[in-house]
Amino acid sequence: MTSTPGRNGSRDAQLPTVIDPNVPSIARAYDATLGGKDNYEVDREVARQLREVTPEVTTLAWDNRDFLIRATRFIVGTAGIDQIVDVGSGLPTVENTHDVALRLNGDTCVVYVDIDPIVIAHGRALVEDHESVHCVQGDLTEPQAVLADPAVAGRLEWHRPMALYQVGTLHHVADERDPEAMMRAYIDALPSGSQVVLSHFFNPGDEDPEAAAVAERLEHAFLHSPMGTGRFRTREEIAAYFDGLELLDPGLETLAYWWPEGPPPENLDPARRLMIGGIGRKP
Ligand code: SAM
């Protein structure tokens, strides 16, 4: 069912406002893993611990970022969608969603949502010259509040298809918060013809025991880091986030194999087999 975003979701008064350089943040640790500069020693220490488990974690992070870039080219350039809400957008880096989108269609409206105040501060500075790009603080685990935010509810045209991104986000939501129900709330609100772009940490289990062993070690490192989040879920669990959507070719795929540029990489390191993603279209 398509509905207008809920207006009854109250803005979460608990959103963090302080940037604490002594506590690692997901956005800053990810930035450190990508080799960015917007991070502190505590974040770099988390990145180092993850690299100790497997140095290929850096390439995996880039596989995710490259997936986001290729998916955006598809969404704007091929599917012709000109409005994007990028949930858990992360710190600005080399190629951001709006950079790719605006290059293909200068009228694209992009709304970035993230909980981390450092993302919002850097993001707002970066997008202030772009009238159609907005950056709002929100907690993705509260879909009704995110959807009711004036930038999300008001800047996007809810009678036309849009793209919703959950790229590298839901694995930071604990099982007990019911990420599947959260996704259902987002998908319910989307107009028909909209597309969902999603990637997630993956534990392949018996399908790929070598990679599954690395997934377990990485999950342990994530969950025991001061961030305390990073679930590697099964194919079935991740597929459930696309419930009610038609998965586009090639389906839920290892990120490096999701429409790679050129021939697919051979002999992919086990760590690079630990994120899958895809695009689903709402009928
Ligand atoms: N989507 C970007 C990408 O794939 O390159 C960034 C992914 S980064 C691994 C995860 C992002 O989700 C971080 O910027 C983090 O601040 C954000 N995040 C984590 N929990 C969140 C929450 N509850 N609400 C909003 N954003 C959240």
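## Backbone features in two loops

Pro-250 is located in the loop that runs between β6 (246–247) and β7. In this predicted model, the peptide bond joining Asp-249 to Pro-250 is cis, with omega at about 0°.

A second backbone feature concerns Asp-178, a residue other than glycine whose phi is positive, near 60°. Asp-178 belongs to the loop between β4 (163–167) and α8 (179–189).

## Ligand site

The ligand occupies the largest pocket. Around the ligand there are 18 residues, of which Tyr-30, Arg-65, Gly-88, Asp-114 and Val-167 come nearest. By residue class, the shell around the ligand consists of six nonpolar, eight polar and four charged residues.

Two helices, α1 (26–33) and α3 (57–78), each provide at least two residues of this shell. The most is given by α1, with three residues.

## Polar contacts to the ligand

Nitrogen atoms of the ligand take part in polar contacts with both backbone and side-chain atoms of the protein. For Gly-88, a polar backbone atom is 2.7 Å from a ligand nitrogen. Val-167 also uses its backbone: one of its N or O atoms lies 2.8 Å from a nitrogen atom of the ligand. With Asp-139, the contact is made by the side chain, where a polar atom lies 2.8 Å from a ligand nitrogen.

The ligand on its own has 600 Å² of accessible area, and the protein covers 94% of that area.

## Aromatic pairs

Four aromatic pairs are found in a search of the whole structure. One of them is formed by Phe-67 and Trp-258. The arrangement of these two rings is edge-to-face, with an angle of 85° between the planes and a distance of 5.3 Å from centre to centre.

This pair links distant parts of the chain, as Phe-67 and Trp-258 are 191 residues apart. Phe-67 sits in helix α3, whereas Trp-258 sits in the loop between β7 (253–254) and β8 (275–281). Helix α3 thus appears in two of the settings described here: Phe-67 of the aromatic pair lies in α3, and α3 supplies at least two residues of the shell around the ligand.

How values were computed
Residues numbered from 1 in each chain as written. Predicted model: local features only at pLDDT ≥ 70, side-chain atom pairs only at ≥ 80, totals over all residues. Heavy atoms only, no water. Near = heavy atom within 4 Å. Polar contact = N/O pair within 3.5 Å; in protein donor to acceptor, adjacent residues only side chain to side chain. Areas by Shrake-Rupley, 256 points an atom, 1.4 Å probe, with all protein chains shown as cover. 1 Å grid on protein atoms, 1.4 Å probe; cavity = no way out; pocket = protein on both sides within 12 Å on 5 of 7 lines; lining within 4 Å. Sits in = over half its atoms within 2 Å of the grid points. Helix = DSSP H or I, 4+ residues; strand = E, 2+ residues; numbered from the N terminus. Nonpolar A, V, L, I, M, F, W, Y, C, P; charged D, E, K, R; others polar. Phe/Tyr/Trp six-rings, centres within 6.5 Å; stacked < 30°, edge-to-face > 60°.
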